[in-house]
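Me: I should like to learn how the features of a structural model are read. Please take me through one case step by step.

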Amino acid sequence: MLRRFSLYGFLKNQRYFEPFIILYFLQQGLSFTQIGLLIGFRELCINLLEVPSGAFADLFGRRRCMMLSFAAYIASFALFGASRSYAQLFAAMFFFSIGEAFRTGTHKAMIFTWLRVEGRLAERTKVYGYTRSWSKIGSAVSTIVAVAIVWYAQDYAWVFFLAIIPYVAGLINFAGYPKELEGRPASRVHLRDVYTHLCRCIGDAAKVRGLRRLVVESMSFEGVYKAVEDYLQPVVKNLALLLPVLAWLGDTRRSALLIGVVYLALYLGSAWASRGAHLLVARAGGETQGSRALWKIVLATYVVLVPLLYFGLYQAAVVAFVLLAMVQNLWQPALISRFEAYAGEAEGATVLSIESQARAIATMVVAPVFGMAVDYVRANGPGAEFWPVALIPAAIALAMLLTPLREASSQPAKPTAGPGRFPQ
C-alpha cells in the first residue's frame, strides 16, 4: 500500500498549472485584489464543505469520497482552461474547492487506518513524511512538464487541460485500494447521522485544550503560508525581467524557464524535508518540541524576507521563499501526527478535516488582505510591492511564539472510552 499511497501523491501533484496560476490570473487581466478575492472564495467554499466532507467520508466510505474529489478536480481543470471571464473563474474555483474538501483529511485518515491494521501506528510521522515526499517529487516532475508546456504553447491555459490526464490515472489507482481503508461506513446513513457525527466531533474538538491549540497553530502557520506561497511566482517573474542574459527568450519563456528552475529546487528540497521530518521530531524530543523549533525558524525567515522584498532584492528573496517551503514540509508531517493522536478510528477523517478547515479559514481571511496591501503599495509605496506578504506573517509567528504552549504533551494518550471521544 505504501506504493499506492505514494502513487496517489505523485499523481495528485501533477498540477501543471501550480507554478503559473498567479501569472495565469495576471494574464487574464486580474489585479492582485481580484486574485485575493478569488483565492478567498476558494477557501470559503473549502471551509463550508470541509468538515461535512470528512463526516461523509467517515460514514459513507473514504475511497468513494476520494474518487468524487478527483472527478471534481477534472471538471475544475476543464473550466479553468476554457474560462474567458471572471465569473467563469469563480465557477472553476468552486469545483476545485469540492475536490480539495473531499480530499484533504480523507486520504490521511486512510493512511492512518492502514497503519493501525499493520500495527505500525508509531511510525506515523515517518510514513506520512515518506508518502508526502513522493508528492513533492511529483511536483518536481510536474514543474518540468509545466515548463515544457508553457515553452511550446506560450499560453497558460494548456497547463490546466493537460493536468486532466494524471487525475484520470489517479481514479484508476483508487480502484485498487482495499475495502478496509473505507473506514467503517454504515450500510444505511441519513443526513441526520452526518449532522450528529459532525456535531460530536466539533464539540469534542472545542472541549479539548490541546486540540484547540493545534487548530490555532494550523491557522497561523499553514493557512497563512498558503496565502504567501503564491507570491513566489510574480517575485520570480520580476527577477526574470531583471536578467538581461535571458532577454532574447521573450517575457513568457524566460519567466517560465526561471520559474521552472526555482520550483524544481523548491519541490526537491520539500521532498527531502518531508522525508526527514521524523528525524527532526526525534532530535527535538517530540512532535510538539519540533514544531516549536520550526516556529522560531519561520519567524526569522519572514523577518529577513521583509527588507528583501521592500528593497527589491529578489535573488535573495527567492531563496527565502524556498526555505519557507522546506520548513512547511518539515512542519506538516509533525502537525498531522499531533492531530491524529487526538482522533479515534471512527472520526479520523473528520478531525483531520477540521485541521484543513482551520487552514482554509485563515487563508480565506488573509489572501484578500495580502492582495489589497500589494495593490496599495504598488500604487502608493513605500518600497517595492510585495513586502506586506512577509510583514503580516512575521507578526503572526511572533504572536504564536509569545503565546504559552498549553498542549499537555507531544504524544497524547489515545481515547479509551470508545469512538467519538478524544483524550482530555
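Reply: Helices are DSSP runs of H or I of at least four residues, numbered from the N terminus. Please bear in mind throughout that this is a predicted model.

Me: How many helices and strands does the protein chain have?

Reply: The protein chain has 18 helices and zero strands. Of its 424 residues, 59% are buried. Among contacts with a separation of 6 or more, 85% join residues 24 or more positions apart.

Me: Where is glutamine 154 found?

Reply: Glutamine 154 belongs to the loop between H7 and H8. Its phi is positive, about 50°, although this residue is not a glycine.

Me: Why does glutamine 154 count as partly exposed?

Reply: The class between buried and exposed runs from 20% to 50% relative accessible area. Glutamine 154 counts as partly exposed because its relative accessibility is 41%.

Me: Let us turn to another loop. Which residues does a cis peptide bond join?

Reply: The cis bond joins glycine 381 and proline 382, with omega about 0°. Proline 382 is in the loop between helix H17 (348-380) and helix H18 (388-402).

Me: Next, helix packing. How do the axes of helix H1 and helix H7 cross?

Reply: The axes of H1 (residues 2-12) and H7 (residues 124-153) come within 7 Å of each other, and the crossing is at roughly 35°. In handedness, this crossing is right-handed. H1 contributes Leu2, Phe5, Ser6, Gly9, Phe10 and Lys12 to the contact, while H7 contributes Val127, Tyr130, Thr131, Trp134, Ser135, Ile137, Gly138 and Val141. By type, eight of these contact residues are nonpolar, five are polar and one is charged.

Me: Within H1, is serine 6 buried or exposed?

Reply: A residue is buried when its relative accessible area is under 20%. Serine 6, which lies in helix H1, counts as buried because its relative accessibility is 7%. Beyond residues up to four places away in sequence, serine 6 touches Tyr130, Thr131 and Trp134. Leucine 7, also found in H1, is partly exposed, with a relative accessible area of 37%. The C-alpha atoms of leucine 7 and alanine 169 are 9.8 Å apart, although 162 residues separate the two in sequence.

Me: How should the pattern of buried residues along a helix be read, and which residues of helix H9 are buried?

Reply: An α-helix has 3.6 residues a turn, so residues three or four places apart point the same way. In H9 (residues 164-174), the buried residues are Ile164, Pro166, Tyr167, Gly170, Asn173 and Phe174. They line one face of the helix, because they fall within an arc of 160° when seen down the axis of H9. Ile165 and Ile172, on the other side of H9, are exposed. Packing against the buried residues of H9 are H1, helix H4 (62-82), helix H6 (106-118) and helix H8 (158-161).

Me: With which residues is phenylalanine 70 in contact?

Reply: Leaving aside neighbours within four places in sequence, phenylalanine 70 contacts Tyr8, Lys12, Arg103, Tyr167, Gly170, Leu171 and Phe174. Phenylalanine 70 lies in helix H4 and is buried, with a relative accessible area of 1%. Its C-alpha is 7.7 Å from that of valine 168, a residue 98 positions away in sequence. Alanine 71, likewise placed in H4, is partly exposed at 38% relative accessible area. From alanine 71 to valine 168 the C-alpha distance is 8.1 Å, with a sequence separation of 97 residues.

Me: Finally, the nonpolar core. Which residues of the largest core touch the most other members?

Reply: In soluble globular proteins, nonpolar side chains tend to be buried together. The largest nonpolar core here has 107 residues, and Phe20, Phe25 and Leu309 touch the most other members. Helix H16 (residues 314-340) supplies the largest share of this core, 14 residues. Not counting neighbours within four places in sequence, phenylalanine 25 is in contact with Leu30, Ile35, Leu38, Phe80, Leu89 and Met93. There is also a second, separate core of five residues, among them Cys65, Ala72, Ile98 and Phe102.

Methods: Residues are numbered from 1 along each chain as its sequence is written. This is a predicted model: local features need pLDDT of at least 70, side-chain atom pairs count only at pLDDT 80 or more; totals for chains, interfaces and linings use all residues. Side-chain values use heavy atoms; hydrogens and water are left out. Axes are lines fitted to C-alpha atoms, for helices over the stretch in contact, and angles run from 0 to 180 degrees between N-to-C directions. Helices (H or I, at least four residues) and strands (E, at least two) are DSSP runs, numbered from the N terminus. A crossing is left-handed if the near helix is turned anticlockwise from the far one by less than a right angle, and right-handed if clockwise. Contact means heavy atoms within 4.5 Å. Ala, Val, Leu, Ile, Met, Phe, Trp, Tyr, Cys and Pro count as nonpolar, Asp, Glu, Lys and Arg as charged, and the others, Gly among them, as polar. Buried means under 20% relative accessible area, exposed over 50%, partly exposed in between (1.4 Å probe, protein chains only). The arc is that of the directions from the helix axis to the C-beta atoms. A nonpolar core is a set of buried Ala, Val, Leu, Ile, Met, Phe, Trp, Tyr and Cys residues joined through side-chain atoms within 4.5 Å.
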